[in-house]
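Here are my notes on this model, set out as numbered points. Please read them with the structure open beside you.

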Amino acid sequence: MIKHYQEQDWVDFVCGTASVETMAAMEQHLHDGCEACSGLHRTWLRVRAMAGRESSFEPPPGAVRIVKLAYALSKPSQTGEPVVSFARLLFDSLLQPAPAGVRDGGGRGRHFLLQAGDIYIDVRQDRHDRLTGQLLNWRLPEERVKETEVWVISEGKVCANTRTNDFGEFQTECREDKLQWLVFEITGVKPIAVRLSSNG
Ligand SMILES: [Zn+2]
């Protein structure tokens with residue numbers, strides 16, 4: 001009976017964290033032409049390529065981390081120590097009418113406010129799929145939440161990745177239907193994740 005490999009095995013394979021023997025056996029398995037495993041292999045190669053696109057040769061340590069994070073988020077029922085803190089959605093313009101006095105200009109678009117511990121995150125998506133936001137540490141407002149990595153993840157794949165500026169602001173783009181998870185990697189804090197849609 002042929003042994004197939006699980007998704008987690010392919011994550012380890014593309015990250016290069018599986019044992020040499022295992023990787024050799026998996027390489028052979030791909031050579032033997034298993035379509036199911038080749039599909040998984042291709043998917044996670046793509047995720048790694050996207051996560052590590054700033055480096056064409058060796059994926060930076062951050063790429064390995066985000067591939068694993070993407071994997072963990074694509075399998076939210078996994079048991080074990082959560083790899084992220086989950087932010088609370090304090091406000092979502094899709095779910096409730098905007099507070100009095102706030103005008104959206106009548107256009108499509110979304111505005112939401114997230115909270116995880118001391119960190120507040122304000123995010124807006126306009127009707128051209130532009131995503132802008134700002135992070136604030138309310139207990140230490142002087143403490144700029146700068147150089148935070150912002151990831152948009154959908155179905156285990158990285159859709160967009162950017163970094164906040166000196167004011168904790170960020171801007172990126174993501175199709176509205178692809179906006180599934182937002183992950184914020186703040187220096188010295190467990191990554192903060194929030195699920196914004198149940199699609200996929
Ligand atoms: Zn297989």
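Which residue in E8 is the bridge partner of Gln 134?

1. The partner in E8 is Glu 169. This pair can serve as a starting point for reading the sheets, but please keep in mind throughout that the model is a predicted one.

2. Strand E5, which covers residues 130-137, pairs with E8 in the antiparallel sense, and five bridges make up this pairing. The two strands belong to an open sheet of five strands, whose order is E2-E3-E4-E5-E8 and whose pairing is antiparallel. At the edges of this sheet are strand E2 (88-92) and strand E8 (169-173), each of which pairs on one side only. From one strand to the next, the twist averages 20 degrees.

3. Another open sheet has five strands in the order E1-E10-E9-E6-E7, and here the pairing is mixed. Strand E1 (85-86) and strand E7 (157-163) stand at its edges with a single partner strand each, so one side of each is left without a neighbour in the sheet.

4. Within that sheet, strand E6 (residues 149-154) and strand E9 (residues 181-185) run antiparallel and are joined by five bridges. If you look for Val 152, you will find that it stands opposite Leu 182 in E9.

5. For the chain as a whole, there are four helices and ten strands, and they follow the pattern α-α-α-α-β-β-β-β-β-β-β-β-β-β when read along the sequence. Of the 200 residues in the chain, 30% are buried. Among the contacts with a separation of 6 or more, 47% are between residues 24 or more positions apart.

Methods: Residues are numbered from 1 along each chain as its sequence is written. This is a predicted model: local features need pLDDT of at least 70, side-chain atom pairs count only at pLDDT 80 or more; totals for chains, interfaces and linings use all residues. Two strands pair if DSSP finds at least two bridges between them. Axes are lines fitted to C-alpha atoms, for helices over the stretch in contact, and angles run from 0 to 180 degrees between N-to-C directions. A residue is buried if 20 or more other C-beta atoms lie within 10 Å of its own, exposed if 12 or fewer, and partly exposed in between; C-beta atoms are placed from the backbone. Two residues are in contact if their C-beta atoms, placed from the backbone, lie within 7 Å.
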